[in-house]
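Got your viewer open? Let's take a walk through this chain, one selection at a time.

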Amino acid sequence: MLKKITLMATCAASAFALNSAGVNINNEDLELNAKLDIGQFNDSVEPESMFVGVKYLDADNTDAINNDALYEVSFLMKKPMGESGLKVGLGVKMNHTKDYTTLPLGVEFGYALPVLKLVPMSINANLYYAPKVLSFNDAQRYFEYRLEYDAQVIKHGHVVLGYRHITTDYKDVRGDFTYNASAYLGFNFEF
């Protein structure tokens, strides 16, 4: 009997764990992303606590220093902070363009606004940084921050309004370069 209850609880918990795919756009930029919840594939990992992801950002930079698309692979661990609605995550990413590679470390915050009965909404913030020791090829440093407002307008469907700022620093004469600083609108789908 205890085995059946444990199995049912595990299946119910897995049903709430969600993978996601999203698209963020503005007039000049396209960002595609996908995130897999490791808890759906590994019973020893708590659902919605460990994620691997991929991202593609094609930003139209007016400065021709680096107009290459930015590719990203990421790993994130998240944990809710009690019943406060706040989630905190620690992550690492690998960012790559043609001649620029970094391994930034970061922190992510998410706060579920206390208006869940109307439309579930949250505010999210991310901050990632790679110093010289985590920068390769022509990279000297990487810095990114992102702010997002998320509203779940339908079940497993979110509308996202956000702002991202990505600064790259090169070893050669290119120096500091704002790779992208723009607002965007997007959709995020969970499955």
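**Start with the paired strands**

Select strand 8, residues 121–130, together with strand 10: the two run antiparallel and are joined by 10 bridges. Before you move on, pick out Tyr128, which stands opposite Glu144 in strand 10. Keep in mind that you are looking at a predicted model.

Next, keep strand 10 and add strand 11. This pair is antiparallel too, with 14 bridges. Click on Glu148 and look across to strand 11, where its bridge partner is Gly162. Now follow the chain around the hairpin that links strand 10 and strand 11: there are 2 residues between the strands, and His156 has a positive phi near 65°.

**Zoom out**

Show the whole chain as a cartoon. You should find 1 helix and 12 strands. Going from the N terminus, the order is α-β-β-β-β-β-β-β-β-β-β-β-β. Of the 191 residues, 38% are buried. Contacts also reach across the sequence: among those with a separation of 6 or more, 49% link residues 24 or more positions apart.

**Go inside**

Which residues make up the largest nonpolar core? Select Leu57, Ala59, Leu70, Tyr100, Ala130, Ala139, Tyr142, Ile166, Tyr170, Phe177 and Tyr179, and you have its 11 residues. Strand 10 (139–154), strand 11 (157–170) and strand 12 (176–190) each supply at least two of them. In soluble globular proteins, nonpolar side chains tend to be buried together.

Stay with Leu57 for a moment. Beyond residues up to four places away in sequence, Leu57 touches Leu30, Glu31, Ala69, Leu70, Arg164, Ile166 and Tyr179.

**A stop on strand 12**

Now select Asn188, which lies in strand 12. Is Asn188 buried or exposed? It counts as buried because its relative accessibility is 17%, and buried means under 20%. What is Asn188 in contact with, leaving aside neighbours within four places in sequence? Show Ser20, Ala21, Gly22, Asn33, His156, Gly157, His158 and Val160. You've already met one of these, His156, in the hairpin of strand 10 and strand 11.

**Finish on the outside**

Switch on the surface. The chain exposes about 11100 Å², and carbon and sulfur atoms supply 67% of that. Colour Leu36, Phe41, Val52, Phe75, Met77, Val92 and Leu105 to see a nonpolar surface patch of about 600 Å². Leu105 sits in strand 7, residues 105–112.

Definitions and conventions:
Residues are numbered from 1 along each chain as its sequence is written. This is a predicted model: local features need pLDDT of at least 70, side-chain atom pairs count only at pLDDT 80 or more; totals for chains, interfaces and linings use all residues. Side-chain values use heavy atoms; hydrogens and water are left out. A nonpolar core is a set of buried Ala, Val, Leu, Ile, Met, Phe, Trp, Tyr and Cys residues joined through side-chain atoms within 4.5 Å. Buried means under 20% relative accessible area, exposed over 50%, partly exposed in between (1.4 Å probe, protein chains only). Helices (H or I, at least four residues) and strands (E, at least two) are DSSP runs, numbered from the N terminus. Contact means heavy atoms within 4.5 Å. Two strands pair if DSSP finds at least two bridges between them. Accessible areas come from the Shrake-Rupley method with a 1.4 Å probe; for residues, only the protein chains shown count as cover. Patches are made of residues with over 30% relative accessible area and no salt bridge: like charges are joined within 9 Å, nonpolar side chains (Val, Leu, Ile, Met, Phe, Trp, Tyr) within 5 Å. A salt bridge is a side-chain nitrogen of Lys or Arg within 4 Å of a carboxyl oxygen of Asp or Glu.
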